[in-house]
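Visitor: I have a model on screen. Walk me through how its parts pack, and justify each term you use.

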Amino acid sequence: MAATGQSPEQSIKRLAELLAGARRPAALTGAGISAESGIPTFRSGDSGFWGRFSPQDLATPQAFAADPLLVWCWYAWRRAQLAEVQPNAGHKALAELEHRPAGFTVITQNVDGLHQAAGSRNVIEVHGSITAVRCSADCTPRRYRLHERETDPTAATAFGADREVAQLVAERGDEAFALIREGHAIPSGVPPVCPSCGAYLRPDVVWFGEELPIEAINRSYKLAERADVFLAVGTSAVVYPAAGLPELAGAAGAVVVEINPEPTPLSNQADLSIRSGAGSALSAALELLDRGPGRA
Ligand code: OAD
């Protein structure tokens with residue numbers, strides 16, 4: 001049951017104590033941890049992605065089958081948004097925790113790569129990565145990664161028109177998607193096709209109705225079951241199976257700490273709910289941790 005009546009300062013002090021004593025700490029993160037980098041979350045009313053766009057039209061296998069160009073362009077636009085942003089204090093604090101004796105693993109629902117950009121090495125991406133693409137017909141396990149664009153001709157082709165799409169959306173705003181849908185203003189060469197079988201390439205992300213990558217989710221279950229302190233940072237905790245990880249950790253004996261400015265379905269089950277942005281809460285806890293016990 002969530003601790004009640006604690007001030008944010010007391011909650012953060014408690015988090016620092018928990019992290020100081022943790023032997024197997026881990027976290028589940030969601031879009032909220034990247035919000036302070038300037039990336040919209042999914043469910044923040046009109047400004048969230050799912051307030052402006054319909055997930056059924058953009059993030060399902062059926063949507064890709066019906067309108068591959070539109071779906072491709074949406075992800076290309078999001079990749080271009082990412083190119084402009086940096087990891088924030090929340091990502092950096094979690095990366096720093098990895099260097100402590102207990103280590104730290106981040107299980108993330110985010111596809112943005114910002115944990116890795118902040119220096120985290122132990123990252124499990126349960127919803128895939130937006131900077132990779134793969135064959136939509138699954139003819140090969142090969143992934144083409146954005147950073148290989150300079151060296152790999154197929155990656156160069158796969159990501160070739162990203163900037164063109166991003167420019168179109170920057171110039172025309174949401175109207176660009178209506179134009180793309182109507183067949184106007186279509187950048188050439190998108191979606192690119194698989195060099196092995198000719199099917200369209202697709203973003204290497206998990207869409208609604210799809211299975212999570214089996215190895216990633218199995219490792220996440222094991223980590224949650226073994227964790228003694230488990231953080232749920234910046235997630236609305238409504239999309240399963242990832243949303244079940246904090247519950248699983250709690251049932252297996254971990255102290256569950258939620259960091260989120262808003263209450264979520266997890267709040268009543270968490271042992272501690274910190275009503276704050278991820279960047280300030282995590283960096284303040286880290287600072288207390290560095291000062292050592294009794295010096296807060
Ligand atoms: P959501 O957009 O559902 O939730 C983001 C959460 O972050 C909300 O609960 C916010 O209150 C919180 N938040 C906002 N600003 C914050 C801040 N500065 N610090 C901490 N928290 C903050 O995003 P997710 O829970 O990640 O899946 O969504 C889960 C999945 O649903 C996503 O991976 C994506 C989406 O549809 C797919 O596309 C398959």
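Guide: This is a predicted model. Start with helix α13, residues 244-251. Helix α13 lies across β1, β2, β7 and β8.

Visitor: How does α13 run relative to β7, and what is that called?

Guide: The angle to β7 is about 160 degrees. Angles over 145 count as roughly antiparallel, so α13 is roughly antiparallel to β7.

Visitor: What is the order of the strands in the open sheet?

Guide: The order is β3-β2-β1-β7-β8-β9, six strands with parallel pairing.

Visitor: What makes β3 and β9 stand at the edges?

Guide: Each has a single partner strand, so one side of each is left without a neighbour in the sheet. On average, neighbouring strands are turned by 20 degrees against each other, direction ignored.

Visitor: How do you know that β1 and β7 pair?

Guide: Pairing needs at least two bridges. Strands β1 (residues 25-29) and β7 (residues 229-233) have five, in the parallel sense, so they pair. Thr 29 stands opposite Val 233 in β7.

Visitor: Which strands does helix α1 touch?

Guide: Helix α1, residues 8-21, packs on the sheet and touches β7, β8 and β9.

Visitor: Why is α6 called roughly perpendicular to α10?

Guide: Their angle is about 90 degrees, with axes 8 Å apart. The range 65 to 115 counts as roughly perpendicular, so the term fits α6 and α10. Residues in the contact include Trp 72 and Trp 77 of α6 and Val 165 and Val 169 of α10.

Visitor: How many residues of each class make that contact?

Guide: Eight nonpolar, no polar and two charged.

Notes. Residues are numbered from 1 along each chain as its sequence is written. This is a predicted model: local features need pLDDT of at least 70, side-chain atom pairs count only at pLDDT 80 or more; totals for chains, interfaces and linings use all residues. Side-chain values use heavy atoms; hydrogens and water are left out. Helices (H or I, at least four residues) and strands (E, at least two) are DSSP runs, numbered from the N terminus. Axes are lines fitted to C-alpha atoms, for helices over the stretch in contact, and angles run from 0 to 180 degrees between N-to-C directions. Contact means heavy atoms within 4.5 Å. Angles under 35 degrees count as roughly parallel, over 145 as roughly antiparallel, 65 to 115 as roughly perpendicular and the rest as oblique. Ala, Val, Leu, Ile, Met, Phe, Trp, Tyr, Cys and Pro count as nonpolar, Asp, Glu, Lys and Arg as charged, and the others, Gly among them, as polar.
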